[in-house]
Amino acid sequence: MKITVIGNSNTEIIIKAPFVPGPGETSVGETFSMAPGGRGSHQAVAAARAGGDVTFVSRIGMDVFGEQALQMLRQDGINTSFIIQDKTASSGVASIIVDTNGESGITVSPGANLNLSETDILNAREAIVGADLLLLQLEIPLETVKYAASMARSAGVKVILNPAPALPVSDELLKSISVLTPDASEAELLTGISITDERSAELAGRILLERGLDRVIITLRSKGAIVIDNGGAEHVPGFKVKTIDKTAVNDVFNGALAVGLAEGHNFYEAVLFANAAAAISYSRSGTKSSIPFREEILNVMKTVKRSH
């Protein structure tokens, strides 16, 4: 199954600290690491490790960070033919602080990611219309996201949009989306509904369906996810693991979900597979280092107790 991911690539500077500082505060870090990453890149790696044949479309700078990103993606067998090395902008950089509860604060300097254009998408058309599924996020220009989603939908390709970071999205964009995958905070922003349980998550999902969507999957972290469509709502359980680092969990979920759906599984099975992948990411430190391989995901599904 062919999966094309379009999104951002950042070099991540990660500091583990007792707390994420607020305005005027200083938090003294305990550990430091630096590695290629970014939401789009993470989702591409997650899909590849979960068993997908993945092409990644992105922009990087002509610098050491960009070269490291290319090397990392190729190590995971990802097709990088449609990654553009930008002569006018540096590679994106993200500064991430992770606290003792696994919560994180992130500051991003997008760099070349902001230059990913409709022309770049047109040049990658063969990878988009020839895919079984297209996966998108919102850390590249919105017009580029809309153009790519419309191209895929017109060709009959399923489109997953992970609306992250939490930004308002237009009805025009949502009409090209097959599956929207917000987490609870993103769904709250999109609907104004405070999500505290499965019932409120279902209500938020129904509001989103009214905007032209076919299906919404709201992720609830350790509690799993809820799938909402016009036929009803179904809760898919998570897996009980110790939470260490939540930074990459939503990206891992989306990458694995893309694989499950591209393989032709029903939504319950695909989301359960994605929940298992997310649980593994929860239980590990780091971003790329937390992304599991297919064998690990299948093992969790067989051996780890579900949340409920």
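**Figure 1. Leu161 and the pairing of strands β9 and β10.** In this predicted model, Leu161 stands opposite Leu180 of β10. Strand β9 covers residues 158-161 and strand β10 residues 179-180; the two run parallel and are joined by two bridges. Strands of a sheet pair through backbone hydrogen bonds, in either a parallel or an antiparallel sense.

**Figure 2. The open sheet and its edges.** The sheet is built from nine strands, and their order is β5-β4-β1-β8-β9-β10-β11-β12-β13. The sheet is open and its pairing is mixed. Strands β5 (83-86) and β13 (232-236) are the edge strands, each pairing on one side only. Helix α1, residues 39-49, packs on the sheet and touches β1 (2-6), β4 (53-61) and β8 (133-136). The direction of helix α1 makes about 160 degrees with that of β4.

**Figure 3. The hairpin of β12 and β13.** Strand β12 spans residues 225-229 and pairs with β13 in the antiparallel sense, over five bridges. Two residues make up the hairpin connection from β12 to β13. Within this pair, Ile226 has His235 of β13 as its bridge partner. Strand β13 is also one of the edge strands of the sheet.

**Figure 4. The largest nonpolar core, centred here on Leu257.** The largest nonpolar core contains 50 residues, and Ile217 and Leu257 are those with the most contacts inside it. Helix α10 (residues 267-282) supplies the largest share of this core, twelve residues. With neighbours within four places in sequence left aside, Leu257 is in contact with Ile160, Thr181, Ile217, Ala270, Val271 and Ala274. In soluble globular proteins, nonpolar side chains tend to be buried together.

**Figure 5. A second nonpolar core.** Separate from the largest core is a second one, of 39 residues. Among its members are Ala148, Leu173, Ala187 and Ala204.

**Figure 6. The largest pocket and its lining.** The largest pocket holds about 490 Å³ of space. Its lining consists of 26 residues; Arg39, Ser104, Ile106, Thr247 and Asn250 lie nearest the centre of the pocket. Two or more lining residues come from each of β2 (10-16), α1, β6 (92-98), β7 (104-109) and α9 (249-262). Strand β7 gives the most to this lining, with four residues. Helix α1, which contributes to the lining of the pocket, also packs on the sheet.

Key: Residues numbered from 1 in each chain as written. Predicted model: local features only at pLDDT ≥ 70, side-chain atom pairs only at ≥ 80, totals over all residues. Heavy atoms only, no water. Pairing = 2+ DSSP bridges. Contact = heavy atoms within 4.5 Å. Axes fitted to C-alpha atoms, helices over the stretch in contact; angles between N-to-C directions. Core = buried A, V, L, I, M, F, W, Y, C linked by side-chain atoms within 4.5 Å. Buried < 20%, exposed > 50% of the residue type's maximum accessible area, 1.4 Å probe, protein only. 1 Å grid on protein atoms, 1.4 Å probe; cavity = no way out; pocket = protein on both sides within 12 Å on 5 of 7 lines; lining within 4 Å. Points joined across faces, edges and corners; volume = space filled by probe spheres on them.
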